[in-house]
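Work through the exercises below with the sequence and the structure at hand. Try each task before reading its solution.

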Amino acid sequence: MNKFIKFIIDYVVYVAKGGPKFYAWMGFLVLFVGPWIYGSYTQATHGLIVTGLTDQVSWGLYLANFVFLVGVAAGAVTVVFPAYVYHHEPMHKVTVLGEMLAVAAVIMCLLFVFMHLGRPDRAWHMIPYLGVLNFPSSMLTWDVLVLSVYLILNLVGGFYFLYKKYVDEPLNNKFYLPIIFIAIVWAISIHTVTAFFINTMPARPMWHHSMMPIRFITTAFAAGPALIIVCFLIIRQNTKLWIEDSVIDLLSTIIIFCLGIALFLTMSEVVTELYASTEHSFALKYLMFGKHGLHDLVPWFWTSVVGMVLGFILLLVPRIRKNYTVLPYICLMIFGGVWIEKGMALMIPGSIPTPIGEFSLYEPTTLELFNCAGNWAIGFIVLTILLKGAIGILLGDVRYAPASANR
Amino acid sequence: MSKKLIPTKNLSDEQLEGCEGLGLQALGIDAERGGAVSSSRRQFIRNVGGVSAASMMGAAALMTHSDQAQAKSTWAEWFQGNYRLMTKKEKAEAIARLEKRYSEEYGKKVTVDGTDAQEGVLFGYALNIQKCIGCRRCVKACVKENNQSRSKEQEMEWIRVLKMEKGEFSKDKMDDGYPLDYGVQVGGNAYSAAGVVLEGEHYYDPEKVPESDSHYMPIACMQCEKPPCVKVCPIRTTYREPDGPVVIDYNWCIGCRMCIGACPYWARRFNWGEPHLPKEEMNPKTHYLGNRPRMKGVVEKCTFCLQRTRHGRYPACVEVCPVGARKFGNLLDPESEVRRILDRKRVFRLKAEANTYPKFFYFVD
Amino acid sequence: MVNNMIIRENTIMKMYPLSVILATLLFVQTPAAFSEEEKKCFESREGASLAIPKEIEKGWPNVKCSPDTGGVLWWGDPFDGTIPMGEMPIEADYSKGEAVVKPRENQLKLFAICGVGCHNGVFPPFPKDKNPRKLTMHTDIIPDSLDLQHGRGGIWCLDCHHMTKRKKLVDNFGNEISFNEPQKLCGKCHGPIYRDWREGIHGKRIGGWASNGKKRWYVCTECHNPHDVQQGDLNSGFAQLKPEQAPVLPKGLKNTDHERIHKHH
Ligand code: SF4
Ligand code: SF4
Ligand code: SF4
C-alpha cells in the first residue's frame, strides 16, 4: 500500500514540475477555463436557452464534439493493436501513451455529454437501482455502458502498466493481456455503438444508413492516429523519450488506409443520395450546396473535404509522409477535416430539414463556443498531465525508491 | 411522526432559532418523506436535523433558486422516483407536493390530477384534412389548455400547421428543366410543390384563411402505438399509458433529447429555458402526466389533453376547431366518432412507412 | 321588445308607413345593440353563434377569446347557453347520449320583428309563386338575389323559407321547420353530409367524447352561411377568417423567405 501512495505522490510531483514550455502550454490551456466556468455557470442557471439550439436543431456542437471524441478515444487502438497483435516492438514501448489518450478523450466525451443534457442534475436517474436504465432498448444506455467500461479498461490497463514499471515488477500477463485484448475489441464497440446511437433513427434520413458505423470507425482511425502522431512528434522533440520512426510511419500508413476508405464511403454516400435525389437527400444537399437559400454549412463541408482529400493525397507520397516537419501539419489538417465531417457536417444537417420538412439554421452562441473550447482545454490539460506522467515513468525518471521514502 | 426519527430534544429553542440564520429552512425537507414542509417554522427546523447526508449534496444546486417556496419542493421533487414505478402512496405525496408548490407560485388553487387510464378505452384521433382551413385556433387552444410557455424568447406550440400549395402547372415553366448537358430530363414544373406533401410553409401569415391556392395540414404527436421516442429514452421517463397516449414524467426527464431525434413527426418540444407562464393565464386544472407546469431542461408534447379526456371531455383542440375537422374518441368503441370515420372514410396515417402505428388518422370526405 | 311588438301587431299592420319606419328604426338599431356587447366572440363563423365570456367559477371562464381574431380559443363550459336537442323532432343519431344545441333563433338579427313589421302578408303581400325575382330588401344578406350564392340557380328563397310563416323554414311537404333545427332543412338536399353529421363525422361537437356522452351539437347554419355557401371563387362552404399568429421564428432566421423558395434540385 505504501508503494501505491508513493506512486501517486511521485506521479503528481513529477507532473507538477516542468520547464517554461510546459508552463506556457498549461497556462495557455488554463486561459480557456475562465470563460468555461462562466459559460457553464450561465448554462446551468439559465438552461440551454443560452445556446444556439432550437426545437428544430436540438442536437448541436456539444453532441458533435462528443461523437468526434468517441472516435478519438477509439483511435487509440491504432497504437495498441499493432503492438499486441503484430508484436510491433517500438510501438509496444509506447502503447501506454495511446491508452492515456483514450482516457483523456473519454473524459472530454463525458464533459460534452453533460453539457448537452438539459438536466445534468438528474443524471443519476440513469444509475441502475437508484434510477432506471432503459437497457437494452435505448442506444444511449449502450453508449453510456460501453464508454464507462472503456474508460475503466484504459485507466486500469494504463495505470497498472505504469505502476508495475514504477515499482519495477514484471507484469502479470494473465491479468494484463486480457484487459488489453478486451480493450482492443471494446474500442471498436464504442464507436460502433455511437454510430448506432444516431443511425437507428429513421426519422433522420441522413443518418439512417448502415454505412454509418464503418464510416465512423474509419474516420476515427484516421483522426485518432493523426492526433497521436502530432503528440508523438512533440514528445520526441521535447522529452528524452525517443519514439521510433517506424512507429510514426506505421501510424501514417494506418491513416492512409483508413482515410482512403472513409473518403470512398463518403463518395459512395454522395453518389447514392444525389443520384436518386429523393427527399432523403435534402439534408446532404443542404450540407453540400445549401437549400432554400440557406447556406451556412456549405463552407464547413468543403473545408472538410479539402482537408481530408488533400491530406490523403499528400500522405500518399512517401517523401512527404516521412518528412516529420510537414507531417504534423498534414495530420492537423486531417484531424480538422474529420472533426468537421463528424461534427458540424454530420450532426447539424441530420436535423435539417426537420422530420416535417422545416429548414432552419444553427448558429452556436459565443457561450457555447466558450464551453466547447473549455471542454477541449480541460481535455488537453488532462492529456498533458497523463502523458507527462507516463513519459516520466517510461523514462525511469519516476521510479520507486524505498530509500527516498525515509529521507 | 417525524419527531421519533429526529433527536432534537437536546436542542434548545435558541439553538434552533440560530439555525434560521444558516438558511437551512430553504432545504425544506421533511425528515420522514423528504416531503411537504410542516406548518410551524420551528417544527420545520427541527425536521432539518433529520436531513440525510444525501440531501445536503445538492445544496449547491439549490442556491440558484432564491425563491423559497420553489426551492422547498424542488428538493423533495429532486429525490422522487420515476412516476410510473411509484406506489399509490408515493404518487399521492408527489401530487400533494406539486399542488402546494403550484398554488403558491401561481397564486390560485391549482389541482394536479393523477387519474389513471380507464379500462376499455384506447384514445384515437381523426382529422379531416379536407376541412382544415389553417386558422391555427387549435394551436392556440392547446397552448391555453396545456400551460405551454409563452414569450418571444421561448414560445412553445405542440401543434404545427403546414400550408401546402395545391400546385400550379403552367406553360411558362416548361423550359425550366435541368440543362440538357447533365443528360437528365426534368420537367420545369417539377420545381414547385403540388398537393399534400411535407414541404409546406410553417410561418404563413395571410390576411385570411383558407387561401384559395392552399391546403393545410396540422401535425402534432401521433401517440404512436410503436413509439420510437419511448424506445430511445434512456430512463423510461416517457412511456405509453394503457389508454394510448405517450406521456412524460417531467420530473424524471434528464433532457437528453434522444426522443426529439427519434420522433418522425417532430412532435416534441424542449424547455430551453425556464418556461414563461403568466399567472393569470395559467390553467389550474392539471394532470401530473399532462398539462402541469413544466420546468427548464425537460421535454414535453401533446398528451391528447389527458387532464380532460380522462374525465370524458374532448381535447381542447377538438372543441375549438371552427370547421369541426377534429374528431376524437375511443377506438375500442365501434359507435365512437373515430371508429365510424375509420369505417366510412378514406383514412391515412402520416409517414406510414415509419411503421410507428399512429393513433392519429387523417381522412378526407 | 318582442312582446311589445306582438301586442301592437294588429295596429301596425294597418299602418304600413309607420311600420316601415319602425322596422327601419329597429333595423338600424341592431348593429348598435351589437357593439354594446363587444366582449362577445364568435364560435365557428363570424356573425353566427356568439359566446359571451364570463366567469363560471373562480378563475374559470366559460370561454377564452382570441385577442387577435375575436374567435373562441378555449372552452371552459361547453354547454353554456344550450337547450336540449331532444325536444326537437329530428332523427339525429344521438339517441344514446345527451344532445344539446345552442338555439339559433335568438341569434338572428331580424327574427324578433320578422312577420310583424314586414312579411305579415299585408305589406308586402305574400308571394304568389316561387319564381326568382329581384329583391330590394335584405341586400346585406343577399346582394344580388338573381345570383343567389347557393344552389347555382337551382333554388330560390322559398325553397327554404316558409312562404307565409317567416319565422319558420320549410320542408319538402310544406311543413314548418324551426330556425333552431336547420339540419332538417339542409338534409333535404345534402343527404350524405346529413348522414355524416348524424353519425358525428361531419360538423362540430363539443363536450364529452364518449359515444353516449353529453355533447353540444353545432347545427348547419352555425358554421355555414346558407345565403353564401359558395364563397365566390373559394367554392368552399366555409367563409374565410383571420388566422391566429404564426409561430415565432427559430433562432438564426430573420424572415420566412426560405419557405417560399421551392427549388427542388
Ligand atoms: S408522434 Fe413522436 S412523440 Fe408522439 S408517440 Fe410518435 S414518436 Fe413519440
Ligand atoms: S429528453 Fe427526456 S423523455 Fe426524451 S429521451 Fe431524454 S430523458 Fe427521455
Ligand atoms: S383549428 Fe381546425 S381548421 Fe383551424 S388549423 Fe386547427 S384543425 Fe385546421
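The exercises that follow deal with a predicted model, taking a ligand shell and then two chain interfaces.

**Exercise 1.** Find which residues come nearest to ligand 2, and state how the residues of its shell divide into nonpolar, polar and charged.

Solution.
- Step 1. Collect the residues with a heavy atom within 4 Å of the ligand. Around ligand 2 there are 14 residues.
- Step 2. Pick out those that come nearest: Cys233(B), Cys253(B), Cys256(B), Arg257(B) and Cys259(B).
- Step 3. Sort the shell by residue type. The shell around ligand 2 holds nine nonpolar, three polar and two charged residues. Cys goes into the nonpolar class and Arg into the charged class.

**Exercise 2.** Describe the interface of chain A and chain C: how many residues are in contact, how much area is buried, and which three residues of chain A supply the most of it?

Solution.
- Step 1. Count the residues on each side. Chain A brings 17 residues into contact with ten residues of chain C.
- Step 2. Take the area. About 1,000 Å² is buried between chain A and chain C, and carbon and sulfur atoms give 55% of it.
- Step 3. Look at the share of single residues. Of the area that chain A buries against chain C, 40% comes from Thr54(A), His292(A) and Leu361(A), more than any other three residues supply.
- Step 4. Search for polar links. Between chain A and chain C there are zero salt bridges, but four residue pairs are in polar contact.
- Step 5. Sort the side of chain A that touches chain C: five residues are nonpolar, eight polar and four charged.

**Exercise 3.** Do the same for chain C and chain B, and find which element of chain C gives the most residues to the side that touches chain B.

Solution.
- Step 1. Count again. Here 54 residues of chain C are in contact with 64 residues of chain B.
- Step 2. The area buried between chain C and chain B is about 5,300 Å², with 53% of it on carbon and sulfur atoms.
- Step 3. Four salt bridges are counted between chain C and chain B. A salt bridge joins the side chains of Arg205(C) and Glu337(B), at 3.4 Å from N to O.
- Step 4. Polar contacts between chain C and chain B number 28 residue pairs.
- Step 5. List the elements of chain C that give two or more residues to this side: strand E6 (72–75), helix H5 (191–198) and strand E11 (205–207). E6(C) gives the most, with four residues.
- Step 6. The side of chain C that touches chain B divides into 21 nonpolar, 15 polar and 18 charged residues.

Technical notes. Residues are numbered from 1 along each chain as its sequence is written. Chains are lettered from A and ligands numbered from 1 in the order in which they are written. This is a predicted model: local features need pLDDT of at least 70, side-chain atom pairs count only at pLDDT 80 or more; totals for chains, interfaces and linings use all residues. Side-chain values use heavy atoms; hydrogens and water are left out. Contact means heavy atoms within 4.5 Å. Buried area is the accessible area (1.4 Å probe) that two parts lose on being put together, summed over both. A polar contact is a pair of N or O atoms within 3.5 Å; within protein, one must be able to donate a hydrogen and the other to accept it, and residues adjacent in sequence count only if both atoms are side-chain atoms.
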